[in-house]
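Q: How should the features of a model like this be read? Please go through them one at a time.

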Amino acid sequence: MFVFSNNKAGMGSVDKERVNRIIYEMSKNSSYFKQAKLQDDKLDQKVAEMKVKLKALGTVRKAQRTRQADKIATELEAQRQLDEVCMVIDMDMFYAAVEVRDRPELADKPVAVGGESMISTTNYQARLKGVRSAMPGFIGRKLCPELVFVKPDYEKYTVVAEQIREIFREYDPRMRAYSLDEAYLNVTKVLTERLGLDGSNAQAGVAAPAAAAGASEHVCSGTYEAEADTSRRPSMGLNVTYPEKRYEGDEEDDEEARDGRSGERRSPRETRRIRLFEAARALAEEIRGRIREATKLTASVGIGPNFMLAKIASDWNKPDGQMCIGGDRAEVLRFLHDLPVRKIGGVGKVQEKCLREALGVVTCGDLFRERGSVIHVMTPHTSRWLIKASLGIASADHDVATEQAQAVGAVTRKQISKERTFGELSAPRDLLNKCREICDSLAAEMATKGLEAKTVGLKVKTTKFQVRTQDSTGNAYVSSADDLFSAASALLQREIQGAAAASAPGGKLRLRLMGVRASGFRGQAGAPILPGQATLDGFLSSKAAEGGCQGEDESGNDGKRQQREEEADSAGGAEQQPPGGLSRPSRPTPAAMEHPFVGGGQGRPGSRPRSKELLRGVQPATGIPRSALLATAAANVSCPVCGEELGAASNTALNRHLDACLGVCAPAGEGERGGVGGGGTGRRRSKEEAFPKKRAKVSSSGIERFLTPKELV
DNA sequence: TGGCGGAGG
DNA sequence: CCGACCTCCGCCA
Ligand SMILES: Nc1ccn([C@H]2C[C@H](O)[C@@H](COP(=O)(O)OP(=O)(O)OP(=O)(O)O)O2)c(=O)n1
Ligand SMILES: [Mg+2]
């Protein structure tokens, strides 16, 4: 089977055998597990395809590829920047630490913050038992019966987050908070000031130099000492293979040329770096001390010439420690050589598996060595990003580093959504009702931010854990709950019909999660985000403000922080972002397996028509533009299911109609209209009929009149 | 360009 | 009997 518990920054000494066994025992029969396995199989297929593609790569061509990769590497090397000092500060077991601090009795007990369904984080005692973040509570309990569950208190965490940010700003006013417990600081300025160094010179050398290895022993403080590097040196593909400084703009620092030697004489620049990083280590101690003093909590710090490295470093000596990857190129490469690629921000489970199983790449050293293969199978964008990471080249600029991570310093938001997990729901009526609830909530959120969206999306997760999304874009902007619901419910109808049509008689859409998303905001590409606050913060506060969810779920989540670094370039040119996907040669999409409906393994659920079709579907036969549907309110009440005009009927009358209508349409689905791809053919019908579409004006705006939560049950 | 799945955090 | 929210990538039509 697949990897369950990978080693995290918890404790290495965990009875992994036992943990995995228990998790497996508890999961093997669950829908979740089955779905996970399906996805894993798909991944295996992708890996297989990559292998095939690689096999076809002859020695000659591979050498060619490697040369291409070298070209990229050289180009990237020119961007290498070692004169900035970046710092990533990450609180230790954040939520749990806060809770334990406020409840001393818990100090010696294993604690989990979260609920029965999901654990947000745990303290070290719990981690020793294998209980960690993102693990469902019931498994955590099985793993550790004494586990004490504590409900998350986001407001409290937010207060703490503000406290530490206040401190961070003193050292870097441009500091970026990635999440409540993580922040990115560029402390170059403070340090140069403290040391009375000339800050300008640092900026000067854009094209970066590398330093002599002689500084290495000064550089690391932590477990990553300059230990046995001598022994691994030989095998170090990075240093050996890479065409060192042949292309570099080496005019200035010539002595750095031999970066394998010990440099007796140091260039001024080199000396500056050493002093800078030395001071940085002291600064980190200072900051940690201040955090402890102000919050009674501990944090770990990572220092490096760029954020990618600093981030990795911050995890190195995790509990209450710090680590520094100096600004010496040789040291950076030495450090990376044996570093598992998984440590790179942006490389997750999938990337890791593809690299390892298809390319035999496990460490960054391997990654660079296989660069030829990398660019052969991966997308150009991803290849470039990976090569860059393997060389430890990244940006020292907050905005670049935190970019696409809607991280806190982000300026705009591109979408906003609301989703809820609940106990199984399948009655169309309940589904619609839930949809309405979510739309209400989303609308409220949008209102506070003054957002108007052009596209509305629906997300659905079946009880089998299959996730599906749909979007519909109109020509008008919407923001009211009514309009959101009008669009979302239309989409939901498609799902309902699709399920009914594709599955056996009586088949229906059974969901455990539903979400509604709004995007394509008015005014520019994105909407401004709260000042200084991460979207995450906004999320937490809004969530805390809302009432609890319903259903037996309760969970306790927060968002997960995200982060990314990489890329730089400021000189234009193709930019790069972390991965996103690996190049995916052809796409078989074994729809049959994943889509319960649609017997013929034809395609999307209910052979969901794509693009155009979608719009057509939602659009009323009359030819009224979607925009009208979305934007308009609904003067006249009409049924969201059949579209029949209901006039000014009373709520009860409307409800009655709804029930009748749903009762007929839902189960019957395949009956006459067959709904989507219905029938045994499995073959999709002409677009026109693919979806019987409620040929009516889906101005469900009226539905809320009676489908409002309170009234319906 | 719009839409959807997916990866990653 | 496994969360909520968000961004970007890749592929398709
Ligand atoms: N899947 C996840 C991961 C994290 N979090 C929350 C809880 C954490 O307290 C907080 C910070 O995440 P970290 O990854 O930094 O984890 P911790 O701070 O808890 O532990 P560590 O000591 O490893 O940093 O984010 C979450 O809700 N769900
Ligand atoms: Mg943390």
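The dialogue below takes up the metal site, the domains, backbone angles, helix packing and some distant contacts.

Q: What should be settled before reading any values?
A: This is a predicted model, in which local features need pLDDT of at least 70 and side-chain atom pairs count only at pLDDT 80 or more, while totals for chains, interfaces and linings use all residues. Residues are numbered from 1 along each chain as its sequence is written, chains are lettered from A and ligands numbered from 1 in the order in which they are written, and side-chain values use heavy atoms, with hydrogens and water left out.

Q: Which residues coordinate the magnesium ion (ligand 2)?
A: Donors are N, O and S atoms within 2.8 Å of the metal (3.2 Å for Na, K and Ca); water is not among the atoms, so sites may look incomplete. Here the magnesium ion (ligand 2) is coordinated by D90 (OD), M91 (O) and D181 (OD), at 1.9 to 2.2 Å. Along the chain, the donors of this ion follow the spacing D-M-x89-D. M91 lies in strand β1 (residues 86-91) and D181 in the loop between β5 (176-179) and β6 (182-186), so the pair ties together parts that are 90 residues apart in sequence. Strands (E, at least two residues) and helices (H or I, at least four) are DSSP runs, numbered from the N terminus.

Q: What is the geometry of the site of the magnesium ion (ligand 2)?
A: Six donors count as octahedral if opposite donors are over 155 degrees apart and all others between 65 and 115. The site of the magnesium ion (ligand 2) is octahedral, with angles of 77 to 176° among its six donor atoms.

Q: Are M91 and D181 buried or exposed?
A: Buried means under 20% relative accessible area, exposed over 50%, and partly exposed in between (1.4 Å probe, protein chains only). M91 is buried at a relative accessible area of 2%, and D181 also counts as buried, at 14%.

Q: Which domains does the assignment give for chain A?
A: Domain bounds come from an automatic or database domain assignment. For chain A these are domain 1 (16-79 + 93-153), domain 2 (156-339), domain 3 (408-521) and domain 4 (543-569 + 587-709). The centres of domain 1 and domain 3, taken over C-alpha atoms, are separated by 28 Å.

Q: Where does a positive phi occur at D320 and at F465?
A: D320, which is not a glycine, has a positive phi of about 50°. D320 is placed in the loop between α14 (307-316) and β8 (322-324) and is partly exposed, with a relative accessible area of 29%. F465 is not a glycine either, and its positive phi is about 70°. The loop between β11 (453-462) and β12 (467-478) holds F465, which is buried at 17%.

Q: What follows helix α8, and which of its residues are buried?
A: In α8 (residues 188-195), the buried residues include T188, V190, L191 and T192. G196, just after α8, takes a positive phi of about 65°.

Q: How do α14 and α15 cross?
A: Axes are lines fitted to C-alpha atoms, for helices over the stretch in contact, and angles run from 0 to 180 degrees between N-to-C directions. The axes of α14 and α15 (residues 329-337) come within 13 Å and cross at roughly 55°. That makes α14 oblique to α15, where angles under 35 degrees count as roughly parallel, over 145 as roughly antiparallel, 65 to 115 as roughly perpendicular and the rest as oblique.

Q: Which residues are far apart in sequence, and what separates their C-alpha atoms?
A: V52, in helix α2 (residues 31-55), is exposed at 58%; its C-alpha atom is 9.1 Å from that of A358, 306 residues apart along the chain. E77 lies in helix α3 (residues 59-77) and is buried at 1%. The C-alpha atoms of E77 and G392 are separated by 9.5 Å, with their positions 315 residues apart along the chain.

Definitions and conventions
Tetrahedral: all angles 85-135°; square planar, octahedral: opposite > 155°, others 65-115°.
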